[in-house]
Amino acid sequence: MALVSFYKAAISPLLPPSCRYYPTCSTYTYQALVKHGALKGSLMGIARILRCNPFAKGGVDPVPDYFTLRRNPDPDKNIDETMNWEHYHGGNNG
């Protein structure tokens, strides 16, 4: 989580916005680590980063309540939790 926080604070502001998903890939990874632990959260974050490419549809894709390496099939279920998390944890940068 420290590595993701460092990226969000020091590296992301230097780069143009390019994430095709909401929440951003770094926020998604951080939330996945909190929700699913180091191993599963890391795998989910890596899978999300691999999905975030120029050919991806993008859109709303919050961290699901269960472990999966695929896009959240029911984004409406977790979007309120994602928005509350971002409100209390400094927004949606990076």
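## Gly 58 and its surroundings

Leaving out residues up to four places away in sequence, Gly 58 touches Arg 20, Tyr 21 and Arg 71 in this predicted model. Gly 58 belongs to the loop that runs between H3 and S2, and its relative accessible area is 2%, so Gly 58 counts as buried. Although Gly 58 and Cys 19 are 39 residues apart in sequence, their C-alpha atoms are 8.2 Å apart in space.

## Confidence in the model

Over the chain the mean pLDDT is 86, and 93% of the residues reach 70 or more. Among the elements of the chain, H3 has the highest mean pLDDT, at 95, whereas helix H4, made of residues 75-88, has the lowest, at 75.

## How H1 packs on H2

Two packed helices are described by the angle between their axes and by the distance between those axes. For helix H1 (residues 2-11) and H2, the angle is about 155° and the axes are 10 Å apart. Angles over 145 degrees count as roughly antiparallel, and H1 and H2 are therefore roughly antiparallel to each other. Their crossing is left-handed.

On the H1 side the contact involves Val 4, Ser 5, Tyr 7 and Lys 8, which meet Ser 26, Thr 27, Thr 29, Tyr 30 and Leu 33 of H2. Sorted by character, the residues of this contact are four nonpolar, four polar and one charged. Ser 26, which is found in helix H2, has a relative accessible area of 7% and is therefore buried. Between Ser 26 and Ser 5 there are 21 places in sequence, while the distance from C-alpha to C-alpha is 8.3 Å.

## How H2 packs on H3

Helix H2 (residues 25-36) also packs with H3, here at an angle of about 160° and with the axes 7 Å apart. H2 and H3 are therefore roughly antiparallel to each other, and H2 passes H3 in a right-handed crossing. From H2 the contact takes in Cys 25, Tyr 28, Thr 29, Ala 32, Leu 33 and His 36, and from H3 the residues taking part include Ala 38, Met 44, Arg 48 and Ile 49. By character, the residues of the contact of H2 with H3 divide into seven nonpolar, five polar and three charged.

## Arg 48 and the cis peptide bond

Arg 48 is found in helix H3, which covers residues 38-51, and its relative accessibility is 0%, so Arg 48 counts as buried. When neighbours within four places in sequence are left aside, the residues in contact with Arg 48 are Tyr 21, Tyr 22, Pro 23, Thr 24, Cys 25, Tyr 28 and Asp 61.

Two of these contact residues, Tyr 22 and Pro 23, are joined to each other by a cis peptide bond, with omega at about 0°. In general, most peptide bonds are trans. Pro 23 itself lies in the loop between strand S1 (21-22) and H2.

## Met 44 and Tyr 66

Met 44 is another residue of helix H3, and Met 44 is buried because its relative accessible area is 1%, where buried means under 20%. Not counting residues up to four places away in sequence, Met 44 touches Tyr 28, Ala 32 and His 36, and it also touches Val 63, Pro 64, Tyr 66, Phe 67, Thr 68 and Leu 69. Met 44 and Pro 54 are 10 residues apart in sequence, and their C-alpha atoms are 19 Å apart in space.

Tyr 66, one of the residues that Met 44 touches, has its place in the loop between strand S2 (59-60) and H4. With a relative accessibility of 41%, Tyr 66 counts as partly exposed, because this value falls between the limits of 20% for buried and 50% for exposed. If neighbours within four places in sequence are left aside, Tyr 66 is in contact with His 36, Met 44 and Pro 73. Tyr 66 and Ser 42 are 24 residues apart along the chain, and 14 Å separates their C-alpha atoms.

Notes: Residues numbered from 1 in each chain as written. Predicted model: local features only at pLDDT ≥ 70, side-chain atom pairs only at ≥ 80, totals over all residues. Heavy atoms only, no water. Helix = DSSP H or I, 4+ residues; strand = E, 2+ residues; numbered from the N terminus. Buried < 20%, exposed > 50% of the residue type's maximum accessible area, 1.4 Å probe, protein only. Contact = heavy atoms within 4.5 Å. pLDDT = per-residue confidence, 0-100. Axes fitted to C-alpha atoms, helices over the stretch in contact; angles between N-to-C directions. Parallel < 35°, antiparallel > 145°, perpendicular 65-115°, else oblique. Left-handed = near helix turned anticlockwise from the far one by under 90°. Nonpolar A, V, L, I, M, F, W, Y, C, P; charged D, E, K, R; others polar.
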